[in-house]
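Work through the exercises below with the sequence and the 3D structure at hand. Try each task before reading its solution.

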Amino acid sequence: MDLLTPLKQYFGFTSFRPLQEDIIKDSLAGRDVFALLPTGGGKSLCYQLPALIRPGLTLVVSPLIALMKDQVQALEACGVAATFLNSSLDAEEARTRLRDLHQGRYRLLYAAPERLMLPGFLEDLKLWKVCLIAIDESHCISEWGHDFRPEYRRLSELRGHFPEIPVMALTATATPRVQADILRQLRLKEPAVYAASFNRPNLTYRMLPKSDADEQVLNFLGNYKSESGIIYCQSRKAAEGLAQRLVEQGIKAAPYHAGLAAEERSRHQDLFLKDDVQIICATIAFGMGINKPNVRFVIHYDLPKNIEGYYQETGRAGRDGLPSECLLLFSAGDAAKQFRFINEKTDLKEREIASKQLEQMIHYAESAECRRKSLLHYFGEVYDPAAKQFFENAASSLMPPPTQDHCGACDNCLSPRTVYDGTLNAQKFLSCVYRIRHKSGFSVGMRHIIEVLTGADTEKIRNWQHHELSTYGIGKDCSRKEWAAIGRELVRLGFLALDTGKFSVTVLTEAGAKALKERQTILLTQHKEEIKKSSTSGSLQCDENLFERLRRLRKRMADERGIPAYMIFSDVSLRQTARNYPLNEREFSRISGVGQKKLEEFGQAFLAEIAAYLQENPRQIFVQDAVPAPVSSPRLNQTSRETLRRFRAGESIEEIARARELVTGTICGHLAEACSAGEEVDINRLFAPDDQKKLEAAFSRIGFSNLTGVYELLAGKLDYGHLRLYRSVAQRPKATTV
């Protein structure tokens, strides 16, 4: 079955992302399918493409009105007949769409789960010849998921009404337990189960200890002056207040939360989608299924309730595959506040689940280990830096290659925390906690402990006579911010604990009491208090001036049509255009994301803009396409140097992989690092002469940034590891023989 022709015709792509093709083929064969793909991994295409191939109507169950509208607009821009039915439509519009459905004018119908169970709707579905039922955001059906929705539970009834129609369940976030619950609740019959990697290689994860949160946000935004981003806040009040403060600083921002009128929520969302507002300050009510691909950052202003929610919310950054950043601001106070909310729950089981999830989130925030490894471990996956990535086509070739021990894109790997002997300060802190409790008969919060240590003169200290303690003022050599970091670290290490009863207080644990009594050596880690934009945050190299002109053209054309700019072309498409300078429709059609309808509708305008630009400006040659000038050689890590030693000793890539119990892709990565570091590697031992000629021709035609294009041109005869290795060899200075 030819799937590539409609893929290019409607969506403008020449290849599938991992697992998409297998999922589509199984669905077209009539099988039930469960698909777990990360945000940005292409879930929607898994049911959209089959809808264009087989006769009948594809029903998509979706939880949010905004998601339906967004998906349908994007499909219409690609020339696909799709519609939605929900409460946002007036009676006349709803009747018109129902009439068109009866006449078979649509290939896809989006509807909320509540709509399905309305009287008469299931009977209508039977008349509309439904050929596939796709359940999007299917984790909503599980009470073990982070976003359980009771209305989803009734979807299990669909199997009884449509026993022969295949069902496809899709989600981006589901632990193994939630996955099993989805299969059971939806009564899937011998389903084909696909679970892709949770790894989002284009995202950089960071955590900052929360101090002056507004100032931290403003400092971060200085790196993203014209880029779109989402800031998640715990409360409606916080979202509105932060949006207002950003506006006062000259930043285009708007709030989004369930307390706003529906019309205002919709207006703020549209402003954001159309790039008229740079930043949305939102509660978790915002974002599920939002398909805005050019969100360059996500900030968590407050601590998320669980890792699933955090993962899904950070996943709204970088859906186009270009490098993006995720910043988490963390404070023990936020954690204590969350625990208080949990303790107010009346359902004991619900309280237990929520507490465990929050503890896991706190551990992630405070951990000094690789954040990517931590996230993947939570979802039952082992981090494999050599695994094929989702965004190979878009990610910059300048991004540092990951290693077994270093993901290259989180704060703990980019700037490992300094470990120091913190015994003296730890003893001071633990002793202060003990003496306050011993003198007063009650425990106090972290802030009060720090005030005692630094010798503050407060009403509480005087009333409780804590200025008489031997620990009063013994910590004046450290700032309050430094003591707060030490306190958080002692909590993470288990020497202190947060008691979240009626009041949030800090208590000495059994381990803490033992450490205090035995004067144990305690190693602490130094937190970074500020961050700079990651070196991996560049994007696909192109003529930036042309890119800006094309972006302005795209915005004008989108405004004329009343749609978001990315529905015309994504940033990836524009960057490839501003890199390749297509001058005719044939060349423009090769750009990723340029399908037949978009070529017909927008091609001439963009080609005219490129031609006009080239009359005044020369073409640029980019670093990836040229031989780079010699640079100072970075140091190789130990594991890459061991691979290089073995290779120079005569072992092949396969022999090294077997001996070191690694995959060949990892060994290729080690040798690629060696080339980038200026080490000599004999290309003739790596590639046969004929392969070298084919590789040189392929990279000359496609460019060094598009490994997927080269892979396809060579019909998959060489894997991505070898392609990366050849690229590293080919990009070395010509003066150096390899």
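Two strands pair if DSSP finds at least two bridges between them; strands (E, at least two residues) and helices (H or I, at least four) are DSSP runs, numbered from the N terminus. This is a predicted model, in which local features need pLDDT of at least 70, side-chain atom pairs count only at pLDDT 80 or more, and totals for chains, interfaces and linings use all residues. Residues are numbered from 1 along each chain as its sequence is written, and side-chain values use heavy atoms, with hydrogens and water left out.

**Exercise 1.** Find the strands with which S9 pairs in the parallel sense, and the residues that stand opposite each other.

Solution. Start with S11: S9 pairs with S11 in the parallel sense over four bridges. Here Ile 230 lies opposite Ile 280. Next take S12 (residues 295–300), which pairs with S9 (residues 228–232) over five bridges, again parallel. In this pairing Ile 231 faces Ile 299, and Tyr 232 faces His 300.

**Exercise 2.** Write down the strand order of the open sheet and name its edge strands.

Solution. The sheet has six strands, in the order S8-S13-S12-S9-S11-S10, with parallel pairing. The edges are S8 (203–209) and S10 (253–256), each of which pairs on one side only. On average, neighbouring strands are turned by 15 degrees against each other, direction ignored. Angles run from 0 to 180 degrees between N-to-C directions, with axes fitted to C-alpha atoms, for helices over the stretch in contact.

Now add helix H11 (residues 236–248), which packs on the sheet and touches S9, S10 and S11 (279–282). Contact means heavy atoms within 4.5 Å. The direction of H11 makes about 175 degrees with that of S10.

**Exercise 3.** Are the residues of S9 buried or exposed?

Solution. Buried means under 20% relative accessible area, exposed over 50%, and partly exposed in between (1.4 Å probe, protein chains only). Five of the five residues of S9 are buried. One side carries Ser 228, Ile 230 and Tyr 232, the other Gly 229 and Ile 231, so both faces are covered.

**Exercise 4.** Describe the surroundings of Arg 159.

Solution. Arg 159 belongs to helix H8 (residues 158–161). Its relative accessible area is 8%, so Arg 159 counts as buried. Leaving aside neighbours within four places in sequence, its contacts include Asp 32, Val 167 and Leu 186. Ile 165 is also in contact with Arg 159, and the Arg 159 side chain reaches the backbone oxygen of Ile 165 at 3.3 Å.

Conventions
Polar contact = N/O pair within 3.5 Å; in protein donor to acceptor, adjacent residues only side chain to side chain.
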